[in-house]
Number of protein chains: 2
Amino acid sequence: MTELEKLFNRIVQRVNINLRELNFDVSPFAVELIPPDQLNKFYAFYGITPDHPLDLHFEHSALAGSYFLGKCRVRNSLLYKSDIRGDELKRKDQQIQFEKFTLTLTKDEIIDIEDSALVKTLVHNYSHDPETPEKFYIKDTLAMDYANIHGSPSDGSFLGPYATVDLTTMRDCVIGAYSYIQAGEISHLKVDPGTIWVNSPGNFNFFYKYPAELLEHYVSLSPDKVPWGILIDFIEERKMEFQRVFDFVNLQEIESIPKTASLDRYAVVLPNIRIADNVLVSQRAYIQNSSLGKGANAQENCFIINSSLEGYNVTAHGAKLIEADLKLGVFVGFNSFLCGKKNSRLTVNEGCVVMPHTIIDIDQPLEIPADHLVWGLVRNKEDLAKNSIALVKLNAVETSISLGRMHFEGKGAMFVKAFKDRIHHILDVNGAFFENGKNAGHAQKNQRLSLNTIQPFQFGANKGMYPNIRILP
Amino acid sequence: MTELEKLFNRIVQRVNINLRELNFDVSPFAVELIPPDQLNKFYAFYGITPDHPLDLHFEHSALAGSYFLGKCRVRNSLLYKSDIRGDELKRKDQQIQFEKFTLTLTKDEIIDIEDSALVKTLVHNYSHDPETPEKFYIKDTLAMDYANIHGSPSDGSFLGPYATVDLTTMRDCVIGAYSYIQAGEISHLKVDPGTIWVNSPGNFNFFYKYPAELLEHYVSLSPDKVPWGILIDFIEERKMEFQRVFDFVNLQEIESIPKTASLDRYAVVLPNIRIADNVLVSQRAYIQNSSLGKGANAQENCFIINSSLEGYNVTAHGAKLIEADLKLGVFVGFNSFLCGKKNSRLTVNEGCVVMPHTIIDIDQPLEIPADHLVWGLVRNKEDLAKNSIALVKLNAVETSISLGRMHFEGKGAMFVKAFKDRIHHILDVNGAFFENGKNAGHAQKNQRLSLNTIQPFQFGANKGMYPNIRILP
């Protein structure tokens with residue numbers, strides 16, 4: 001047995017031990033998870049900037065195609081084409097307010113991944129767990145394709161494909177495919193596929209669940225099979241374009257990018273695109289025949305095809321926009337799939353909030369009125385009526401409201417404010433409001449980012465594993 | 001002042017302190033030595049193979065374009081496009097016979113470079129100093145373009161361009177441009193440019209010195225100037241071809257290479273070439289329109305252009321062959337420049353030994369008879385008569401012989417045997433005699449070599465410096 005196989009078996013065993021009470025066995029899902037002959041083919045890389053502390057420590061791990069930025073330690077783990085982006089980690093001496101507690105950090109926060117396997121997973125933001133403010137840990141965890149572990153420490157958990165856990169600490173949980181969870185802290189929970197759950201105890205609780213028989217067309221998972229569905233096929237069909245950007249040491253620079261914008265060297269950019277001031281295009285984003293207006297951002301793993309974004313738009317990690325026109329300030333959450341067609345374009349008007357993990361898949365033109373919240377599965381006007389609400393109406397909710405398969409409890413105003421504040425924060429940190437040298441964010445700072453590569457063993461029992469490497473300034 | 005400038009100034013100061021008794025100031029030579037804006041442009045790389053222990057440690061150093069293989073530590077040093085190749089370092093428990101002493105190594109030997117600047121310098125082989133069998137050290141040393149530090153620990157020394165120190169420990173020495181020294185141990189010695197000196201005390205002593213006014217056409221050095229001359233121009237004219245091989249992550253594999261031969265991924269190969277069994281082409285070798293017969297090897301920094309090598313030929317580090325036909329078993333030593341012309345080809349017959357640092361530059365066809373030793377500057381038949389001797393004749397020398405500017409003392413037979421033994425050893429370790437799975441050497445083992453890259457800081461005070469990196473298996 002190779003070191004890689006031993007390592008993977010050990011991780012699977014550790015996840016299973018943690019999930020024994022839920023009676024969940026990850027082994028059958030893990031069988032086809034990572035093709036071992038792929039692991040020595042891809043280099044990993046790390047970013048160096050003057051703005052982030054450099055401290056990387058890789059030990060007995062496989063890192064194929066993964067990206068690291070900021071302080072990070074990886075031990076006994078298998079990361080496959082994952083993004084471990086610690087550029088928003090908290091810093092030494094920073095103060096964090098959590099309810100009545102003021103926490104002062106004794107050292108820089110570090111992402112610490114141990115005994116885990118992450119596939120095409122985005123790990124980002126800072127740990128929102130007040131119990132371990134200096135460590136964003138991920139241990140005994142298995143995350144599948146295009147999962148997002150976003151500011152969410154994890155211990156003993158399984159995330160299905162396209163699952164997102166956001167600002168939530170999880171322990172011994174199973175998160176179903178295409179589920180989005182933002183709930184502060186969860187443990188010993190098995191979440192069904194396609195669950196959209198935003199819970200702020202005492203304030204509000206948003207809940208929606210996709211109809212299983214409809215969700216399975218988009219993303220499905222069953223034992224002993226690789227994940228399948230429209231979302232998987234969509235990416236598979238475009239993966240050759242990514243190969244090209246990883247094959248060249250120096251790509252020709254794309255002209256006509258404003259000085260205030262940044263386009264990552266590992267993004268795919270196909271004709272014709274227009275990029276305005278303060279735009280951020282992150283690595284592994286895919287932009288084709290589209291226009292990105294001032295302050296728009298295209299985050300990791302997102303796709304923007306035949307679309308126009310008027311400005312100050314957030315296209316979050318893994319979101320996909322096809323044949324869509326987004327007006328000013330439209331937010332599209334994690335892993336959403338907004339799929340217009342050539343003669344059936346989607347228009348999303350100013351100020352709309354498209355919830356994370358929303359699927360809009362239309363065969364007739366569709367227009368979403370300004371300042372609406374949209375969620376779940378929308379295939380036509382009838383679906384839209386049951387899966388959207390005017391923000392002003394939600395704002396007025398005092399106790400609860402139900403609409404279609406969605407149920408909301410608590411203060412609508414707090415929910416809307418929380419979302420709007422977060423969107424403003426995202427635009428701000430990404431540099432959308434940069435003006436006259438002020439309010440610089442990722443779009444401006446990333447111009448001073450260099451990407452360095454690290455490579456795996458090519459031969460012998462260690463084939464596909466990486467050397468033990470420590471990198472300091 | 002940037003970190004890079006501070007580092008360089010500190011190295012220059014340390015070398016000068018060591019050379020104070022020789023009254024030699026390296027500062028004027030160092031001014032143009034390394035263009036600081038080049039140092040962040042080139043990545044460094046290291047080889048990983050199942051055959052060599054992996055232990056690399058880089059600390060507060062710049063490594064632009066340098067290559068590492070085997071155990072190596074680099075501290076407070078500036079390596080620019082240098083080859084630090086520890087693949088022949090001694091191993092733990094290995095026994096070394098030195099005169100009456102049998103030395104047993106307590107640990108693997110390591111190359112340890114500290115407070116030194118090496119430019120396009122080859123550091124290779126194992127330390128031949130019995131005093132420090134586990135450490136091949138280079139400290140307080142400045143080596144210029146295409147110097148070779150070959151199995152030669154160095155402390156407080158300066159090597160001019162194209163200088164070679166071979167199997168010799170040096171302390172507080174100045175080695176002039178294009179000098180070749182093989183003398184066991186030297187200290188506080190200032191060696192004039194173009195000195196060829198092979199000394200085995202009590203056994204033999206070979207001495208030749210180039211006429212200064214002729215050598216300066218080929219390679220010259222004076223304060224405040226970059227080195228110049230035909231040898232420098234020759235490489236400058238070909239450097240664009242090297243750019244290409246460093247710009248691609250994956251180059252297309254060249255077909256028609258036998259399974260028993262190896263062609264380094266960082267070699268330049270231009271049409272049309274023929275490569276036979278057991279051939280080794282090392283990194284940064286340059287091969288164009290030439291044929292390499294069975295067991296021939298083309299070592300680092302060598303150029304082979306419009307030439308044919310019949311087989312079992314050694315083209316040592318930095319040697320250049322242009323319009324030349326080499327018969328079986330011809331050896332061409334370090335940095336030799338064998339320059340035939342299109343209508344004035346050079347023929348070197350079977351069994352000839354071309355001494356290191358030999359220049360043959362002809363405008364009429366020239367043929368060197370079989371089994372001859374050749375040295376120094378040869379421009380025509382008259383020069384050849386004064387700069388060559390039949391091996392059988394040298395073999396018979398008992399006390400001394402002088403010929404032209406060459407003077408030999410001691411036992412000719414011992415000199416010839418030492419050379420022939422060494423040539424056999426070089427062919428052997430390079431895999432020239434591989435047959436039926438036996439006698440494998442570099443040519444066969446290098447097929448299981450992967451090259452990994454490391455990159456410098458691109459911004460800020462550390463621009464051009466490399467992160468501190470430790471790499472272990």
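Which residues is B:Glu367 in contact with, leaving aside its neighbours within four places in sequence? Let us work through this and a few more exercises. The model is a predicted one, in which local features need pLDDT of at least 70, side-chain atom pairs count only at pLDDT 80 or more, and totals for chains, interfaces and linings use all residues. Residues are numbered from 1 along each chain as its sequence is written, while chains are lettered from A and ligands numbered from 1 in the order in which they are written.

**Exercise 1. Place B:Glu367 in its surroundings.**

Step 1. Find the element: B:Glu367 sits in strand β40 (residues 366–368) of chain B. Helices (H or I, at least four residues) and strands (E, at least two) are DSSP runs, numbered from the N terminus.

Step 2. List the contacts: beyond those sequence neighbours, B:Glu367 touches B:Thr347 and B:Asn349. Two residues are in contact if their C-beta atoms, placed from the backbone, lie within 7 Å.

Step 3. Judge the exposure: B:Glu367 is partly exposed, because 13 other C-beta atoms lie within 10 Å. On this scale, 20 or more such atoms make a residue buried, 12 or fewer make it exposed, and partly exposed is in between; the C-beta atoms are placed from the backbone.

**Exercise 2. Trace the parallel sheet of chain B.**

Step 1. Write down the order: 6 strands of chain B form an open sheet, β5-β10-β13-β16-β19-β22, with parallel pairing. Two strands pair if DSSP finds at least two bridges between them.

Step 2. Mark the edges: β5 (78–80) and β22 (190–191) of chain B each pair on one side only.

Step 3. Look at one pairing: strand β19 (residues 174–175) of chain B runs parallel to β22(B) and is joined to it by 2 bridges. Here B:Ile175 stands opposite B:Val191 in β22(B).

Step 4. Add the helix: α1 (residues 3–18) of chain B lies across β5, β10 (117–119), β13 (142–143) and β16 (158–159) of chain B, at about 105 degrees to β5(B). For such angles, axes are lines fitted to C-alpha atoms, for helices over the stretch in contact, and the values run from 0 to 180 degrees between N-to-C directions.

**Exercise 3. Describe how the domains of chain A meet.**

Step 1. Set the bounds: domain 1 covers 3–236 + 449–471 and domain 2 covers 239–398 + 411–446 of chain A. These bounds come from an automatic or database domain assignment.

Step 2. Count the contact: 27 residues of domain 1 of chain A meet 26 residues of domain 2 of chain A.

Step 3. Name the main contributor: α4(A) gives the most to the domain 1 side, with 4 residues.

**Exercise 4. Relate the two chains and describe their contact.**

Step 1. Superpose: a turn of 180 degrees and a shift of 0.1 Å along the axis lay chain A on chain B with an RMSD of 0.0 Å. The two copies are therefore related as by a two-fold rotation axis. The fit is by least squares on the C-alpha atoms of residues with pLDDT of at least 70 in both copies.

Step 2. Count: 25 residues from chain A and 25 residues from chain B make up the contact.

Step 3. Find the strands: β47(A) gives the most to the chain A side, with 5 residues. It pairs with strand β47 (residues 468–472) of chain B in the antiparallel sense over 5 bridges. In β47(B), B:Asn468 is the bridge partner of A:Leu472.
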